[in-house]
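Here's a relaxed walk through a structure you may not have seen before. Have a look at the sequence and the model, then read on for a tour of its spaces and a few backbone details.

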Amino acid sequence: MAKSTFEYVKTFELDDSLLPNTWIVVRIDGKCFHKFADDHNFTKPNDERALKLMNYAAFHVVKEFNELLVAYGQSDEYSFIFKKNCQLYNRRQSKLLTTINSKFTASYVYYWDMFFKGERLKYPPTFDGRIVLYPTEENIIDYLKWRQADVHINNLYNTTFWTLILKGNLSPTQAEKRLCGTVSADKNEILFKEFNMNYNKEPEIFKRGTVLLRKSVSKENSGKPSAVIVDIHDDMLKEKFWHKHSYLFKNSK
Ligand code: DGT
Ligand code: MG
Ligand code: MG
Ligand code: MG
Ligand code: MG
């Protein structure tokens, strides 16, 4: 078949295949979700519907892309980690980033009503996305610890801040002043002494975010193993987690 004289334009396309033999992390994050949360009456500091919708959209991403090992979500963000030897789309960066982001965003909109009953989606949400590569097991584990440490710090702050406002009748400015210079122990104490709240008893999904993993289970009666995707809220900062899930980032993967 003869090529058209226009065909040469294809040579302008640049190769964007990612470095081999590295874990590929795709992280998406809601654009201006501070405003999006206000516009859709998200409860403060945590909206369970919003977090569960994020998890459900991420579940559909993990279900579609078999080469995903694990996903981790908190607040308005989700990280998807491909196995080291992933060959999907020949590791082309733009293909990986755009398909993950669009599947996630479309699922977020598509399943909105399942979680936000009676709360109309007022406009289409936008998510940004980036890809980062990690070369060692230590780096990729530290990546997940970093994201989970982030939710811990933010959630303890936000929980105390909003408790001071909603239950302590402080203005946002007064609450901010009150928390200025405080460390974690101080915030725990404010919650406990002034509001009789034990931060440790707050829901795990709020404190730790959500890890999505594939788990092999044997089907009842048949005995045949099959893979299911489970959501857990365990503490990844503890070594116990990595002993239990040591198979995740072993070199063969
Ligand atoms: P960006 O990502 O730079 O476009 O800007 P934002 O506004 O999305 O900022 P980001 O991603 O750093 O922070 C997430 C925002 O999402 C945070 O300001 C509050 C909002 N948000 C996330 N989850 C919840 C929730 O469960 N309840 C409420 N009320 N707000 C939430
Ligand atoms: Mg941001
Ligand atoms: Mg955001
Ligand atoms: Mg965010
Ligand atoms: Mg096409």
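## An unusual bend in a loop

Let's start with P45, which you'll find in the loop between α1 and α2. The model here is a predicted one, and in it K44 and P45 are joined by a cis peptide bond, with omega at about 0 degrees. That's worth a second look because most peptide bonds are trans. P45 turns up again further on: it's one of the residues nearest the centre of the largest pocket.

There's another backbone oddity at R91. This residue isn't a glycine, yet its phi is positive, at about 60 degrees. Most residues other than glycine have a negative phi. To find R91, go to the loop between β3 and α3, where α3 covers 93–110.

## The largest pocket

How big is the largest pocket in volume? It comes to about 760 Å³. Its lining is made up of 30 residues, and the ones nearest its centre are A37, P45, N46, S75 and N158.

Which element gives the largest share of that lining? It's α5, with nine residues. You can trace α5 along 137–166, and it is joined by α1, α2 and α8 (204–208) as elements that each supply at least two lining residues. By type, the lining splits into 14 nonpolar, eight polar and eight charged residues.

## Ligand 1 and its neighbours

So what sits in this pocket? Ligand 1 does. The elements giving two or more residues to the shell around it are β1 (23–30) and α1 (33–39). The largest share comes from α1, which puts in three residues.

In total, 15 residues surround ligand 1, and D29, C32, F33, D47 and D76 are the closest. The shell is an even mix: five nonpolar, five polar and five charged residues.

## Polar contacts with the ligand

Now zoom in on the oxygen atoms of ligand 1. On the backbone side, an N or O atom of G30 lies 3.0 Å from a ligand oxygen. H34 also uses a backbone N or O atom, this one at 2.9 Å from an oxygen of ligand 1.

D76 does things with its side chain: an N or O atom there is 2.9 Å from an oxygen atom of the ligand. As for cover, ligand 1 has 630 Å² of accessible area on its own, and the protein covers 66% of that.

## An enclosed space

Besides the pocket, there's a cavity to look at. How many cavities of 30 Å³ or more does a search of the whole structure find? Just one. The largest cavity holds about 50 Å³ of space.

Its lining is made up of L51, M54, N55, G73, Q74, S75, E77, Y78, I205, G209 and T210. These divide into four nonpolar, six polar and one charged residue. If you'd like to place the cavity among the elements, look for α2 (48–64), β2 (68–74) and β3 (77–82), each of which supplies at least two residues of the lining. The largest share comes from α2, with three residues.

S75 is a handy landmark to finish on. You'll find it in the lining of the largest cavity, and it's also among the residues nearest the centre of the largest pocket.

Note on methods:
Residues numbered from 1 in each chain as written. Chains lettered and ligands numbered in written order. Predicted model: local features only at pLDDT ≥ 70, side-chain atom pairs only at ≥ 80, totals over all residues. Heavy atoms only, no water. Near = heavy atom within 4 Å. Polar contact = N/O pair within 3.5 Å; in protein donor to acceptor, adjacent residues only side chain to side chain. Areas by Shrake-Rupley, 256 points an atom, 1.4 Å probe, with all protein chains shown as cover. 1 Å grid on protein atoms, 1.4 Å probe; cavity = no way out; pocket = protein on both sides within 12 Å on 5 of 7 lines; lining within 4 Å. Sits in = over half its atoms within 2 Å of the grid points. Helix = DSSP H or I, 4+ residues; strand = E, 2+ residues; numbered from the N terminus. Nonpolar A, V, L, I, M, F, W, Y, C, P; charged D, E, K, R; others polar. Points joined across faces, edges and corners; volume = space filled by probe spheres on them.
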